[in-house]
Amino acid sequence: MDDLNFAGKRVLVVGGSSGIGNGIAHGFRQRGAEVHVWGTRASAADYAGIEGSELEGLHYAKVDVANFDELTAYTPPFDTLDVLIQSQGFVRYKQAEFAKEGWDDVMDININSVMHTATKFKPMLSAAKGSIVIVSSVAGLKANIGNPAYAASKAGAISLTKTLGKAWARDGIRVNGLAPGLVPTKLTTVTTQNEQRAKASLQSIPVHRFGSPEEMAGVAMFLASPLAAYVQGHTIVADGGLTL
């Protein structure tokens, strides 16, 4: 038996239109799953030519998870779900998160929408004895002096993973998390595409390289698979040793 064979399974990746979420979506697709992804643009065609956004073979829908009314009203084109990956993420730079508007923008996407989306799909996941994987960040494990909302929201996501893991186990749902380190995506270009910052960051990573969306996909698929059947409420740190 191949425990990483997801043939016959349906997966939804929130934030799957680009970056880590896109890598996770294709990881499941390559192993047989029917994969749906949510993004913020009107159609899949609007991501054409954007690095880190490959939507071929995925089922795309525009859903603004920061808009609670839109999220609530959305009717998915399926009535069963085996795996929910929550990889939505947002950050505001230049001290914007210290102001209410910036703080609220980040919190609405990074933590509020995670809870609301999980709740929306809880009945389907319970019926399937399915799995949720919440993608947080190593930023949730330490201080981030420039991005208080991002760090706090990711710490909240790690805590929510624990709480839902305990609360929803009785419903047959496994809830776990993934905390990536530094992975080149549109959210991290301020570091990864700045030669000086990138060099300094690499010096702090014991394996001396950045991670990749494909490597994050490996962790997510493990957590959603029977291989992790006795793992509940935990967040795996995948950061090349950065937080050691």
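**Overall fold and the central sheet**

Of the 244 residues in the protein, 50% are buried. The model described here is a predicted one. A good starting point is its overall size: along the principal axes, the C-alpha trace spans about 50 × 40 × 40 Å. A compact globule with 244 residues would have a radius of gyration near 18 Å, and the value of 17 Å for the protein therefore agrees with that expectation. The accessible surface amounts to about 11,800 Å², and carbon and sulfur atoms contribute 54% of this area. Among contacts with a separation of 6 or more, 71% are between residues 24 or more positions apart.

Turning to the secondary structure, the protein contains seven helices and seven strands. Along the sequence they follow the pattern β-α-β-β-α-β-α-β-α-β-α-α-α-β.

The seven strands form an open sheet with parallel pairing, in the order β3-β2-β1-β4-β5-β6-β7. The edges are taken by β3 (59-62) and β7 (235-238); each has a single partner strand, so one side of each is left without a neighbour in the sheet. From one strand to the next, the twist averages 20 degrees. Within this arrangement, β1 (residues 10-14) and β2 (residues 34-39) run parallel and are joined by five bridges, with R10 standing opposite E34 in β2.

Helices pack against this framework. Helix α3 (residues 100-128) touches β1, β2, β4 (83-86) and β5 (131-135), and its direction makes about 175 degrees with that of β4. Helix α4 (residues 148-167), in turn, lies across β5, β6 (174-180) and β7, and runs at about 160 degrees to β6.

How values were computed. Residues are numbered from 1 along each chain as its sequence is written. This is a predicted model: local features need pLDDT of at least 70, side-chain atom pairs count only at pLDDT 80 or more; totals for chains, interfaces and linings use all residues. Side-chain values use heavy atoms; hydrogens and water are left out. Two strands pair if DSSP finds at least two bridges between them. Helices (H or I, at least four residues) and strands (E, at least two) are DSSP runs, numbered from the N terminus. Axes are lines fitted to C-alpha atoms, for helices over the stretch in contact, and angles run from 0 to 180 degrees between N-to-C directions. Contact means heavy atoms within 4.5 Å. The radius of gyration is taken over C-alpha atoms; the globule rule is 2.2 Å times the number of residues to the power 0.38. Buried means under 20% relative accessible area, exposed over 50%, partly exposed in between (1.4 Å probe, protein chains only). Accessible areas come from the Shrake-Rupley method with a 1.4 Å probe; for residues, only the protein chains shown count as cover.
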